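Good morning, colleagues, and thank you for making time for this short presentation. I ask that you keep the display in view while I speak.

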Amino acid sequence: MADRVLLTPSLSSSPTTMATITGGAAARMIPSATRATVSLSTSRSFFSFSLASSSRSVSSLNCLRSSPRISHIFLNQRRGEVRVSSGRFGTVAFASDPDQLKSAREDIKELLKTKFCHPLLIRLGWHDAGTYNKNIEEWPQRGGANGSLRFEVELKHGANAGLVNALKLLQPIKDKYSGVTYADLFQLASATAVEEAGGPKIPMKYGRVDVTGPEQCPEEGRLPDAGPPSPADHLRQVFYRMGLNDKEIVALSGAHTLGRSRPDRSGWGKPETKYTKDGPGAPGGQSWTAQWLKFDNSYFKDIKEKKDEDLLVLPTDAALFDDPSFKVYAEKYAVDQEAFFKDYAEAHAKLSNLGAKFEPAEGVVVDGSPNVVGEKFVAAKYSSGKE
């Protein structure tokens, strides 16, 4: 049986037509994940943003399953949907509906206004993309931004502790906009969270294809640790494997200007500080900056000054000023927010594309940003090394 096909606006001015997709497209299904009961282990991930929303956040996948809105992630099986647009340039298949992407972004903005979950959504996007291995050509074995983090087997990885809460927040939006893939939704939410917190506009593109089952999830251990024996070497080992360089490592680290670390989840930070005892959202945890829901360059300033014991500095944070190569960029960003915003936006966009398979191959820009040019993903171009 062929999949249901949705109409989307054509990339040209020609009217759209309906088509039927069979074969490989019809085979894209979202099967159920394993049914075993799982408790999340503690996380020591470098990407240790914490949820800032209500105290109702759940701590286990059992709680996730109890939600009627999202229980189908684990319990149901459904066919994927392929959107097709036909015009004078031929027929184009879209992994995600461009109009639904725009609408989903508006719903994410409203979610951020009420739940203050900016740090958590950024972490979700990063952790889905951050499993990419540039030395593996095949998709989805190479990891990356493919929506695999929705499956139980990956959610229970230690570095992903607490991200079940992000999935719970986004699932109603996914249910409302079924024409948007999980892979795109995760990255859309991450970029929108940065922008809504006062950060730079991220030059994003969309059209990421979802993996279809938990057997396609990457093995545990691809994400960075917050407290390794040699922090700088560890950061390079992990991020070079993704094809990122020293400048991008430091720029991305600057996103720790948002969020808190909770010792009961990550093993790092204080239970409460003068900056977190009153929320917003559930109180507690230790933040990297005083205004931990404002995206700016305070992270670099505060690490450099090291004057406030209520602000968190992880071993991987300190390494940015201890390592000679990292320090060049950290010092620059501490005094030049404009430079930080420019480099961060480029690095975030690059991270969000890692490992992804796009339909169409060059991706789709949904906001008309002149800084984004659709480009087919080529794994070989992401080489490692210092800049």
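**Helix α9 and its surroundings**

The buried residues of helix α9 make their packing contacts with six listed helices: α4 (118-129), α8 (231-242), α11 (298-305), α12 (315-322), α13 (324-335) and α14 (337-353). I should state at once that this is a predicted model.

How many residues of α9 are buried? The helix spans residues 246-253, and eight of its eight residues are buried, so described as mostly covered. Going through them by name, the buried residues are D246, K247, E248, I249, V250, A251, L252 and S253. Charged side chains are thus named alongside nonpolar ones, with D246, K247 and E248 on the buried list. At the N-terminal end, N245 acts as the cap of α9. There, a side-chain oxygen of N245 lies 3.2 Å from the backbone nitrogen of K247.

I turn next to the nonpolar core. In soluble globular proteins, nonpolar side chains tend to be buried together. In this model, the largest nonpolar core has 78 residues, and those touching the most other members are I108, L121, L170, F295, F300, L320 and Y344. Helix α7 (residues 182-196) contributes the largest share of this core, namely eight residues. The core also draws on two domains, with at least three residues from each of domain 1 (98-216) and domain 2 (231-344).

Let me take F295 as an example. Leaving aside residues up to four places away in sequence, F295 touches V194, A197, G198, G199, P200, A255, T257, L258, F340, F341 and Y344.

I now come to the backbone. Which peptide bonds are cis? One is the bond from W139 to P140, with omega near 5°, and P140 sits in the loop between α4 and α5 (152-155). Another is the bond from G279 to P280, with omega near 10°; P280 belongs to the loop between α10 (263-266) and β7 (286-287).

Positive phi values also deserve a remark. F116, which is not a glycine, has phi near 55°, and this residue lies in the loop between α3 (98-115) and α4. F116 is partly exposed, its relative accessible area being 30%. K306, likewise not a glycine, has a positive phi of about 50° and is located in the loop between α11 and α12. Is K306 buried or exposed? With a relative accessible area of 56%, K306 is exposed, because the cut-off for that term is over 50%.

Key
Residues are numbered from 1 along each chain as its sequence is written. This is a predicted model: local features need pLDDT of at least 70, side-chain atom pairs count only at pLDDT 80 or more; totals for chains, interfaces and linings use all residues. Side-chain values use heavy atoms; hydrogens and water are left out. Buried means under 20% relative accessible area, exposed over 50%, partly exposed in between (1.4 Å probe, protein chains only). Helices (H or I, at least four residues) and strands (E, at least two) are DSSP runs, numbered from the N terminus. Contact means heavy atoms within 4.5 Å. A polar contact is a pair of N or O atoms within 3.5 Å; within protein, one must be able to donate a hydrogen and the other to accept it, and residues adjacent in sequence count only if both atoms are side-chain atoms. A nonpolar core is a set of buried Ala, Val, Leu, Ile, Met, Phe, Trp, Tyr and Cys residues joined through side-chain atoms within 4.5 Å. Domain bounds come from an automatic or database domain assignment.
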